[in-house]
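Here is a short tour of one protein structure. Take a look at the sequence and the fold, then read on.

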Amino acid sequence: MNPTLNQMHEARTALDSPLFEGLAGDIDVSFEFFPPKTDKMGETLWQSVETLKPLGPRFASVTYGAGGSTRARTHEQVARIQNEAGIPAAAHLTCVAATRDEVNEVARHYWEEGIRHIVALRGDAPDGSGTYAPHPGGYANAVELIAGLKEIADFEISVAAYPEVHPDSPDAQADIDNLKAKFDAGATRAITQFFFDPQCFFEFRDQAAAAGIKGEIVPGIMPVVSFAAVQRMSGLCGTAIPTWMEGLFDGLDERPAARQLVSATITAELCRRLYAGGVRQFHFYTLNRAELSYAICHMLGMRPKDNGQ
């Protein structure tokens, strides 16, 4: 289906399905968390894991700080999610500030502990320097990292994709070429950077298919916990924020309950339009908060698979 017809089909499907009526809940979801810095943050994280667990996520991932700065805490949370919560866990792993031997040692340790899923990333420059440079003796990029992981064991590997072009990429075609190289190296799926325009995702998906990419491309969904935080993150990763969206959050800085209602409405509508365009897999960047992701999944028709037991 060409992009124009795809857009018309998505629009027609959305219009023919008022609000969230009749959604079958036939979606797969995954959730991303970050390792907590304090005991209090750890409690919040675990409450979120317990809240989202009944939805039966296909996996939960834990991020990895620049230069391995959260290595121990990432490992702790990955092991706990898999062993205590019983959710298949995925550990983020980057190329930054580590030799190949050091990265391989971490990967082997995960495999020995039963972790079979790695989110393989090039990573960002440490200390906010803004300029990435490969570590001497390290993996130069995500493609090399994926190939190295596959030599260690048959990991399930998720990678990043950028519908609005990676800040270090010269153009959109270079991004597509790099994504194809990741799949050719052994990636299982790609998870996109967050975005707020569904057509942006559909066009990216069409471009990937035209380039011969057959692997799964999952939209990364960012419920807005803090609009100021999303503005900062968008500036770093190149995500466009619609002007109408900024207007909707204006005046809600001191009204967290109202802000949450607005965020749930915006994000659920984004997901509904993606669903209308054929998307059945979603990855939520939770920011260690469960309420928004849970509400959106509920609006998309999901219900607890074990009644919360």
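Burial comes first: a residue is buried at under 20% relative accessible area, exposed at over 50%, and partly exposed in between, using a 1.4 Å probe and protein chains only. This is a predicted model, in which local features need pLDDT of at least 70, side-chain atom pairs count only at pLDDT 80 or more, and totals for chains, interfaces and linings use all residues. Residues are numbered from 1 along each chain as its sequence is written, and side-chain values use heavy atoms, with hydrogens and water left out.

**Cysteines**

A disulfide is a pair of cysteine sulfur atoms within 2.5 Å. The search of the whole structure finds zero of them. Cys271 is in no disulfide, and its nearest cysteine sulfur, that of Cys297, is 7.7 Å away. Cys297 is likewise in no disulfide, with the sulfur of Cys271 as its nearest, at 7.7 Å. Cys271 counts as buried because its relative accessible area is 0%. Cys297 is buried too, at 0%.

**Aromatic rings**

A pair of aromatic rings is described by the distance of the centres and the angle of the planes. Rings of Phe, Tyr and Trp (its six-membered ring) pair if their centres lie within 6.5 Å; planes under 30 degrees apart count as stacked, over 60 as edge-to-face and the rest as tilted. The whole structure holds six aromatic pairs. Among them is Phe195 with Phe201: the centres are 5.7 Å apart and the planes meet at 10°, so this pair is stacked. Phe201 also pairs with Phe202. Here the centres are 6.1 Å apart and the planes stand at 65°, so the pair is edge-to-face. Ring pairs thus join Phe195, Phe201 and Phe202 into a cluster. Are these rings buried or exposed? Phe195 is buried, with a relative accessible area of 1%. Phe201 is buried, also with a value of 1%. Phe202 is buried as well.

**Charges over rings**

A charge sits over a ring if NZ of Lys or CZ of Arg is within 6 Å of the ring centre and within 35 degrees of the ring normal. Arg80 places its charged end over the ring of Trp46, 3.8 Å from the centre. Arg116 lies over the face of Trp111, and the distance to the ring centre is 3.8 Å.

**A cavity and its lining**

On a 1 Å grid over the protein atoms alone, a cavity is a set of points where a 1.4 Å probe fits but cannot get out, and lining residues have an atom within 4 Å of a point. Grid points are joined across faces, edges and corners, and a volume is the space filled by probe spheres set on the points. The structure has two cavities of 30 Å³ or more. The second largest has a volume of about 40 Å³. Its lining includes Phe195, along with Phe194, Cys237 and Val165. Ala, Val, Leu, Ile, Met, Phe, Trp, Tyr, Cys and Pro count as nonpolar, Asp, Glu, Lys and Arg as charged, and the others, Gly among them, as polar. By this count the lining has six nonpolar, two polar and one charged residues.

**Positive phi**

Most residues other than glycine have a negative phi. Val165, one of the cavity-lining residues, has a positive phi of about 75° although it is not a glycine. Leu287 is another non-glycine residue with a positive phi, near 55°. Helices (H or I, at least four residues) and strands (E, at least two) are DSSP runs, numbered from the N terminus. Val165 lies in the loop between strand 5 (156-161) and helix 6 (172-185). It is partly exposed, with a relative accessible area of 24%. Leu287 sits in the loop between strand 9 (281-285) and helix 11 (291-299). Leu287 is partly exposed, at 28%.

**Far in sequence**

Where do Gln47, Ile87 and Val106 lie? Gln47 is in helix 2 (residues 39-52), Ile87 is in the loop between helix 3 (71-83) and strand 3 (89-94), and Val106 is in helix 4 (residues 100-112). Gln47 is exposed, with a relative accessible area of 51%. Ile87 is buried, at 6%, and Val106 is buried, at 12%. The table pairs each with a partner along the chain.

| Residue | Partner | Apart in sequence | C-alpha to C-alpha |
|---|---|---|---|
| Gln47 | Arg289 | 242 residues | 8.5 Å |
| Ile87 | Leu52 | 35 residues | 10.0 Å |
| Val106 | Arg71 | 35 residues | 8.9 Å |

Notes:
On a 1 Å grid over the protein atoms alone, a cavity is a set of points where a 1.4 Å probe fits but cannot get out, and a pocket is an open set with protein on both sides within 12 Å along at least five of seven lines; lining residues have an atom within 4 Å of a point.
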